[in-house]
Amino acid sequence: MRKLLIIDDERAICSSLGFALGKDYAVSTAVNLLEVNHHIENDFFDLILLDLKFGEVSGIDLLEQIGSRAPESIVVMMTAHGTIQTSIEAMKKGAYDYIMKPLEISQLRALLGKALEYKLLKEKIDYLQNEVQRRYSIGGIIGNSKKMRDVFELIQKVKDVDVNIILQGPSGTGKELVAKAIHYEGNRSLARFEAVNCGAIPENLMESELFGYEKGAFTSAGSKKKGKFELAHKGTIFLDEITELALPLQVKLLRAIQQREITPLGSEEVRAVDVRIIAATNKDLKKEVEKGHFREDLYFRLNVISIELPGLEQRKEDIPLLTRHFIDKCNKRIGKSIKGITREALLALEAYDYPGNVRELENILERAAALTDHSFIELDDLPGDISRLVPGKNLLETHNIIPVKLGHSLDDITRLVILKTLEAMEGNRRKTAEVLGISERNLRYKLKEYGEC
Ligand SMILES: Nc1ncnc2c1ncn2[C@@H]1O[C@H](COP(=O)(O)OP(=O)(O)OP(=O)(O)O)[C@@H](O)[C@H]1O
Ligand SMILES: [Mg+2]
C-alpha cells in the first residue's frame with residue numbers, strides 16, 4: 001500500500017481524512033512540527049497532503065524543507081479561500097497541485113489518484129534512466145559504441161577472476177578508469193587499490209616503492225615503510241606505464257608475482273602477498289618485448305587478459321554521450337547549470353580527431369563550460385581549430401556533398417548521413433525518413449541511439 005502523510009494543525013481534519021483515505025493509503029498524520037520531523041526522518045512517503053497555513057509556520061517554508069528532505073514525495077497543498085495566489089507560488093516551488101478547503105472527499109481522492117500516477121511515472125523514468133546509465137557505463141566509464149560495450153563485457157567477465165590484466169591503448173582513453181572499475185566492481189574492492197606510475201619514480205627508488213624497506217636499510221631510512229605490494233594485500237596494484245620499469249626491476253617484479261611473496265629492502269624476512277596486478281601502457285607491449293625493452297617472461301605473466309582501449313577517433317559515436325556526461329560533471333564541479341550543447345557545436349566536436357582522446361574532449365568541454373555565457377555550449381565556445389571544422393561550413397557540404405574520410409566505419413557513415421539529412425530537411429523527420437528510404441520509426445530509433453532526442 002502506498003504511503004500518505006497528512007500535515008494539518010487541526011487534529012479533527014487529520015483524523016477525518018485519515019478515516020476517509022485509510023482504505024486506499026497507509027495514512028500517517030502530523031499536527032505539529034515535531035511530528036512532521038519525526039515522520040519525515042523515519043519514513044518515506046509517496047504522497048504528502050500539506051496545509052498551506054500550518055499553525056504559525058508557512059506551508060511554503062515547510063514545502064521547501066520537504067523538497068530537500070523528502071524529495072521522493074509528491075506534495076499536494078490544501079488551501080483556504082483567498083490564498084490561491086500562495087498556492088500558485090507553492091506549485092512553482094514544487095508542489096504537484098492544490099485543493100480548496102472545505103475539502104470535497106471525492107475530489108480529493110481523484111486528485112491524490114492523479115498525483116500517485118505521476119509519482120509512479122516518475123519512478124519508472126528514474127528506473128529507466130538508471131538502466132540506461134548502467135548499460136552504458138561501469139564505474140563512471142561512459143560509452144555506447146560497440147567497442148566500448150565489448151570493453152564493459154570484458155570487465156564484467158574478469159572483475160572477480162584472479163588473473164593479471166594488461167590494459168593497452170593510447171593516452172587519455174581511460175586505462176586508469178578501467179583499472180579502478182575492475183577493482184571497485186570486483187571482489188577485491190574492500191582492500192586497497194594502489195597505483196604506481198612506473199614512469200614517474202626514479203629507478204633507484206622504485207624497489208622500495210614496490211616492496212618497502214626496513215629501518216636502516218639505507219642512510220635516509222629512519223623508519224620502516226611498507227611498499228605498494230603490502231599495502232595492496234588482498235587488493236589490486238595498478239602498474240601504470242609498465243614499459244618504463246627498468247629491466248632489473250622487471251626481474252624482481254616477476255619473482256614477486258611468481259612466488260607471491262616480497263622481501264622489503266634491508267630485511268631478511270620474506271612476506272606473503274596476495275595482489276592482483278593490472279598493468280597499463282600506451283605502447284605496443286609486444287613490440288617492446290621484440291626490441292628487448294621488456295622481458296618476455298614478465299610479459300606472459302602479466303598478459304593473461306589483455307584489454308584494448310580504442311582511441312576516441314575510432315568510436316566517435318560515443319561523443320554525444322561523453323559530452324552529456326562531462327557537461328553534467330562540470331555543472332556539478334563549477335556550480336553552473338549548462339543545459340547541453342548546440343547541434344552545430346556537437347557536429348564540430350564529432351569532426352575533430354582527438355590525439356589526446358577522451359581526456360582532450362573532457363578538457364575542451366571543461367574550458368567551454370567555464371567560459372560560456374549561454375545555457376547551451378555553442379560553436380564559439382569551442383577552440384578555433386575545432387569550431388572551424390563544423391561540417392556545415394565546409395565547402396563540399398555547401399554543394400550537398402557529405403565528405404567521408406577513409407577509415408570511417410560504416411556505423412560512422414550511417415550516422416553522418418542520417419544527421420546531415422535531418423539537418424538539410426530542417427529537422428522534419430517525416431521528410432528525412434522519406435529521403436533516406438527508412439521508416440520514421442526506424443529513424444526515431446536511430447536518433448535516440450545517437451542521443452539526438
Ligand atoms: N569512457 C570514459 N568515460 C568517462 N570518462 C573518461 C572515459 N575515458 C576517459 N575518461 C576521462 O578522461 C581522463 C583520462 O582518463 P585516464 O586517466 O583513465 O586515461 P589513461 O588511458 O590512463 O591515460 P594516460 O595513458 O595518459 O595515463 C580522465 O579524467 C577520465 O575520467
Ligand atoms: Mg593513465
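**Figure 1. By class, three nonpolar, no polar and three charged residues make up the lining of the largest cavity.** The view is taken from a predicted model, as are the views in the legends that follow. The residues that line this largest cavity are Arg343, Leu346, Leu347, Glu350, Leu419 and Glu452. Helix α14, which spans residues 343–351, contributes the largest share of that lining, namely four residues. The space inside the largest cavity comes to about 40 Å³, and the count of cavities of 30 Å³ or more is one.

**Figure 2. The second largest pocket, with a volume of about 580 Å³, is shown together with its lining.** In this predicted model the second largest pocket is lined by 26 residues, and those that lie nearest its centre are Gly172, Thr173, Gly174, Lys175 and Arg359. Two or more lining residues come from each of the elements β9 (141–142), α7 (175–185), β17 (276–281), α13 (319–334) and α15 (357–371). Divided by class, the lining of the second largest pocket holds eight nonpolar, ten polar and eight charged residues.

**Figure 3. An open sheet of five strands is ordered β2-β1-β3-β6-β7, and its pairing is parallel.** At the edges of this sheet stand β2 (26–30) and β7 (97–100), each of which pairs on one side only, and from one strand to the next the twist averages 20°. Within the sheet, strand β3 (residues 47–51) and strand β6 (residues 74–79) run parallel and are joined by five bridges. Leu50 may be followed here as a marker of the register, since it is found opposite Met77 in β6. Helix α3 (residues 59–69) packs on the sheet, where it touches β1, β3 and β6, and its direction makes about 160° with that of β3. Another helix, α2 (residues 33–42), lies across β1 (3–7) and β2, and runs at about 145° to β2.

**Figure 4. The cis peptide bond in this view runs from Lys101 to Pro102.** The omega angle of this bond is near -5°. Pro102 has its place in the loop between β7 and α5, the latter covering residues 105–135. Strand β7 (97–100) is also one of the edge strands of the sheet in the preceding legend.

**Figure 5. A further open sheet is formed by five strands in the order β11-β14-β17-β10-β18, again with parallel pairing.** The edge positions are taken by β11 (193–197) and β18 (305–308), each of which has a single partner strand, so one side of each is left without a neighbour in the sheet. On average, and with direction ignored, neighbouring strands of this sheet are turned by 20° against each other. Strand β14 (residues 236–240) runs parallel to β17, and four bridges join the two. Among the residues to look for in this pair is Leu239, whose bridge partner in β17 is Ala279. Strand β17 also belongs to the elements that give two or more residues to the lining of the second largest pocket.

**Figure 6. Two residues with positive phi, Lys234 and Glu426, are shown in their loops.** Lys234 is not a glycine, yet its phi is positive at about 70°. The loop that holds Lys234 lies between α9 (228–231) and β14. Glu426, likewise a residue other than glycine, has a positive phi near 50°. This residue, Glu426, is placed in the loop between α18 (410–424) and α19.

**Figure 7. Helix α19 (residues 429–436) packs with helix α20 (residues 440–449) at an angle of about 105°.** The axes of the two helices are 9 Å apart, and the angle of about 105° makes α19 roughly perpendicular to α20. On the side of α19 the contact is made by Arg429, Arg430, Thr432, Ala433 and Leu436, and on the side of α20 by Glu440, Leu443, Arg444 and Leu447. Sorted by class, the residues in this contact of α19 with α20 are four nonpolar, one polar and four charged.

Conventions. Residues are numbered from 1 along each chain as its sequence is written. Chains are lettered from A and ligands numbered from 1 in the order in which they are written. This is a predicted model: local features need pLDDT of at least 70, side-chain atom pairs count only at pLDDT 80 or more; totals for chains, interfaces and linings use all residues. Side-chain values use heavy atoms; hydrogens and water are left out. Axes are lines fitted to C-alpha atoms, for helices over the stretch in contact, and angles run from 0 to 180 degrees between N-to-C directions. Angles under 35 degrees count as roughly parallel, over 145 as roughly antiparallel, 65 to 115 as roughly perpendicular and the rest as oblique. Contact means heavy atoms within 4.5 Å. Ala, Val, Leu, Ile, Met, Phe, Trp, Tyr, Cys and Pro count as nonpolar, Asp, Glu, Lys and Arg as charged, and the others, Gly among them, as polar. Two strands pair if DSSP finds at least two bridges between them. On a 1 Å grid over the protein atoms alone, a cavity is a set of points where a 1.4 Å probe fits but cannot get out, and a pocket is an open set with protein on both sides within 12 Å along at least five of seven lines; lining residues have an atom within 4 Å of a point. Grid points are joined across faces, edges and corners, and a volume is the space filled by probe spheres set on the points.
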